[in-house]
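Colleague: I am new to this one. Could you show it to me and explain the words you use for it?

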Amino acid sequence: MAVFQRSRQWLSDVLWKPKNPLSIDHLKYLHTVLGRNAVVTERNKSLLVESIRSVAEILIWGDQNDSRVFDFFLEKNMFRVFLKILQQRTSRYVPVQMLQTLNILFENIRNETSIYYLLSNNHVNAFIVHRYDFSDEEILAYYISFLKTLSLKLNKHTIHFFFNEHLRDFPLYTEAIKFFNHSENMVRIAVRTLTLNVYNVGDEATLSFICNRTAAPYFSNLVWFIGKHVLELDDCVRTNADHLRRRHLSDLVAEHLDQLHYLNDILYLNIQSLNEVLTNHLLDRLLIPLYIYSLTGDHTEDGTQEDRPTLTRMVALFLLSQEWLCFVWLCV
């Protein structure tokens, strides 16, 4: 009997399925398919993922051709359907495909009104704060890419879909900066890009939140991470007299220059409240205690000075010269 019912449902779906895959009728059909498969199983997970991907394709098409698809998408609260699927305990296949689809969707939507439709009802923030398995490198890669893509949509109007001034909550930013020191370079670069996109909007309420709630711990951790990286660079120089690890040393220098240019990009935005916090941390936690002190006083053989880690004078001078070249415009 169950087999007969499934066969009858399959036949009904085939007969009713619209021939044009890019149409509002097909979107209505997909909404029905998702509703009939509310519980994710091994048997239907591929169907669900393919249906979600098709919904995204229709929305991208509708963005330029038929605004009715967004009216229907919003009316049926279909992002909520996506979330219910994502929130179920499933294999990695579902979150990977979901994040990939969301990223493609937001990358390709151009119409500002369409963006407003997608960002309404706060569902995008729910996708951001969902508990993903970040030990899975593919999930993390798609997640960070999704956050960066969203940050590219920020302006003085759309930022209020992400920042809740009443609740003092900004998950797009606060979740992203958790990965500022991730071991994967591409993740770190994406986080830097996202933060710059946020700062560049220049929204006063958002900047006030960042300065009062996150700037001090973020810049403190960032400067600490740079200092840790600098000590690793110095150790490489100390133990690499015959230049056997020249490639590794070059990579460390390149990474340090990337960090300096990121700091320079923040300072160049000329946001006084942010610049004050950042420059204080740079001076008090890096430049003076590590670079300047390394050029003064007596050093022990293991590179310490009164229980303070120090750099070789050659490395300290090199790093200071790089700082000068990067930040010289501040003195003009």
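Modeller: Here are some questions on burial, the core and disulfides.

This is a predicted model, where local features need pLDDT of at least 70, side-chain atom pairs count only at pLDDT 80 or more, and totals for chains, interfaces and linings use all residues. Residues are numbered from 1 along each chain as its sequence is written, and side-chain values use heavy atoms, with hydrogens and water left out.

Colleague: Why is His 26 called buried or exposed?

Modeller: Buried means under 20% relative accessible area, exposed over 50%, and partly exposed in between, with a 1.4 Å probe and protein chains only. His 26 has 6% relative accessibility, so His 26 counts as buried.

Colleague: And what does His 26 touch?

Modeller: Leaving out residues up to four places away in sequence, His 26 touches Lys 17, Pro 18, Asn 20, Pro 21, Ser 54 and Ile 58; a contact here means heavy atoms within 4.5 Å.

Colleague: What makes a set of residues a nonpolar core?

Modeller: The members are buried Ala, Val, Leu, Ile, Met, Phe, Trp, Tyr and Cys residues joined through side-chain atoms within 4.5 Å. The largest such core here has 103 residues, and Phe 219 is among those that touch the most other members.

Colleague: How many disulfides does a search of the whole structure find?

Modeller: The search finds 0, where a disulfide is a pair of cysteine sulfur atoms within 2.5 Å.

Colleague: How do you know whether Cys 211 and Cys 236 are buried or exposed?

Modeller: Cys 211 has 16% relative accessibility, so Cys 211 counts as buried. Cys 236, at 1%, therefore counts as buried too.
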